[in-house]
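The following exercises concern the chain shown below. Each task is followed by a solution that proceeds step by step.

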Amino acid sequence: MTLSILDLAPIPSGKTAADALRNSIDLARQAERFGYRRYWVAEHHFAPGVASSAPAVLIGLIAAATDTIRVGSGAVQLGHQTPLSVVEQFGLIDALHPGRVDLGIGRSGQRRAELAAARPPAGSPPERPEERVVDGLLIPKPFDFSKLVTHPQLAHHATLLQQPGAQTPDFAAQIDDVLAFLGGTHEAHAVPGEGAGLQVWILGSSGGQSAQVAGERGLPFAANYHVSPASVLEAVEAYREAFKPSAELAEPYVVVSADAVVAEDEATARELASPYALWVRSIRTGAGAMRFATPAEAAAHPWTDADRELVRDRVDTQFVGTPGQVAERLRVLRRVTGADELLVTTITHDHHDRVRSYELLAEAWNRR
């Protein structure tokens with residue numbers, strides 16, 4: 001199947017991180033039964049409502065609880081670790097679950113620093129393209145991340161993710177080290193890790209260095225429509241333009257992510273998805289992803305026009321509805337981006353509703 005899953009291990013309101021992790025393991029088992037191709041977990045830190053802070057550990061647990069589905073990261077933040085430590089961690093998982101592990105790598109830590117440095121002077125807001133629709137796909141105005149990345153609390157958190165005085169090397173050089181450790185061409189040898197059958201992916205939200213590195217190294221690329229929908233077309237175009245055939249790939253291979261909530265009827269789906277805006281608001285105000293609210297808790301939140309504008313691009317590009325409605329919108333996303341497969345992330349307060357959403361989507365997708 002050309003659908004895969006991205007799981008943030010969300011913590012619902014009234015629940016604990018342990019509940020979220022048990023839910024993730026159960027969802028992975030169900031996803032394998034439904035026929036999804038991959039099950040990826042994200043890396044987030046200092047988020048009250050997200051339990052996926054150590055992806056390699058969680059991937060190992062999920063791999064042990066499943067049999068056939070590919071498991072991996074979407075994505076390991078390489079700016080917080082060395083290439084050797086990442087290869088050793090994922091090599092260890094591959095040693096016990098060979099041929100099933102995807103090593104997805106991102107450069108979000110480095111990108112945050114670049115955005116902060118590039119913030120325009122006060123009084124000169126950046127020019128942003130207008131919202132547009134491309135062959136049926138909504139491409140919203142880009143969100144201005146510069147204010148978020150300079151938030152004092154986030155800047156403090158960044159210092160806690162590295163040793164004092166540590167300097168993150170260039171992303172391309174780090175990827176080359178990862179590939180050298182895996183291929184046995186590095187001067188040092190990673191054990192476990194060297195010779196591991198990992199599939200290395202690069203994840204990116206723009207047409208910047210991530211897309212360039214993925215293309216130039218001939219690696220598969222994952223573009224984030226669910227995080228940065230305004231720049232998804234730019235990202236996949238830059239990747240394809242930079243692509244050079246490799247031992248891994250003869251042609252470009254792209255997966256595109258999307259947020260989706262599915263239910264038997266549209267009204268139920270919209271109710272289940274209603275806390276999503278409040279959750280995105282918590283991220284974009286610098287507080288970190290909150291515990292995912294119930295629909296009733298979300299309805300009680302007093303919204304301002306500024307709040308609505310803050311989350312509008314993410315809410316408008318979330319795919320919510322019946323199985324047929326969401327499957328059709330995902331097909332539009334796949335057609336417009338030329339994606340080889342799609343990576344779906346679904347968050348609801350109740351675990352049962354999240355599992356059911358993925359089940360209904362798989363059934364609708366397979367019918368076509």
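**Exercise 1. Locate Ala75 and describe the peptide bond that precedes it.**

Solution. Ala75 is found in the loop between strand 3 (70–73) and strand 4 (76–77); helices (H or I, at least four residues) and strands (E, at least two) are DSSP runs, numbered from the N terminus. The model is a predicted one, in which local features need pLDDT of at least 70, side-chain atom pairs count only at pLDDT 80 or more, and totals for chains, interfaces and linings use all residues. Residues are numbered from 1 along each chain as its sequence is written, and side-chain values use heavy atoms, with hydrogens and water left out. Next, inspect the bond itself: Gly74 and Ala75 are joined by a cis peptide bond, with omega about 15°. A cis peptide bond also joins Val191 and Pro192, where omega is about -10°. Pro192 lies in the loop between helix 7 (171–183) and strand 8 (199–204). As background, most residues other than glycine have a negative phi, and most peptide bonds are trans.

**Exercise 2. Compare the settings of Ala9 and Asp135: which is buried and which is exposed?**

Solution. Begin with the backbone. Phi of Ala9 is near 50°, a positive value in a residue other than glycine. Phi of Asp135 is likewise positive, near 50°. Then place each residue: Ala9 is in the loop between strand 1 and helix 1 (17–34), whereas Asp135 is in the loop between strand 6 (132–134) and strand 7 (137–139). Finally, apply the accessibility classes: buried means under 20% relative accessible area, exposed over 50%, and partly exposed in between (1.4 Å probe, protein chains only). Ala9, at 0%, is buried; Asp135, at 51%, is exposed.

**Exercise 3. Identify the acidic partners of Arg354, Arg314 and Arg270, and state how accessible each residue is.**

Solution. The criterion for a salt bridge is a side-chain nitrogen of Lys or Arg within 4 Å of a carboxyl oxygen of Asp or Glu. The count by this rule is 20 salt bridges.

1. Arg354 pairs with Asp7, with the closest N and O atoms 3.0 Å apart. This pair links distant parts of the chain, since Arg354 is in helix 15 (residues 351–367) and Asp7 in strand 1 (residues 3–7), 347 residues apart. Arg354 is buried at 4% relative accessibility, and Asp7 is buried at 1%.
2. Arg314 pairs with Asp259, the closest N and O atoms being 3.7 Å apart. Here too distant parts of the chain are linked: Asp259 lies in strand 10 (residues 254–262) and Arg314 in helix 13 (residues 305–316), 55 residues apart. Asp259 is buried, at 5%, and Arg314 is buried, at 8%.
3. Arg270 pairs with Glu266 at 3.2 Å, N to O. Because they are four residues apart in helix 10 (residues 266–273), Arg270 and Glu266 are separated by about one helical turn. Arg270 is partly exposed at 46%, and Glu266 is partly exposed at 32%.

Salt bridges with shared partners also join Arg37, Arg38, Arg70, Asp102 and Glu341 into one network.

**Exercise 4. Which residues touch the most other members of the largest nonpolar core?**

Solution. A nonpolar core is a set of buried Ala, Val, Leu, Ile, Met, Phe, Trp, Tyr and Cys residues joined through side-chain atoms within 4.5 Å. The largest such core has 106 residues, and Tyr36, Val256 and Leu330 touch the most other members. Helix 15 gives the most to this core, with seven residues. For Leu330, contacts (heavy atoms within 4.5 Å) beyond four places away in sequence include Phe319, Leu361 and Trp365.

**Exercise 5. At what angle do helix 14 and helix 15 pack, and which residues meet?**

Solution. Helix 14 (residues 323–337) and helix 15 pack at about 65°, with axes 9 Å apart; axes are lines fitted to C-alpha atoms, for helices over the stretch in contact, and angles run from 0 to 180 degrees between N-to-C directions. From helix 14, Pro323, Gly324, Val326, Ala327, Leu330, Arg331 and Arg334 meet Leu360, Leu361, Ala364 and Trp365 of helix 15.
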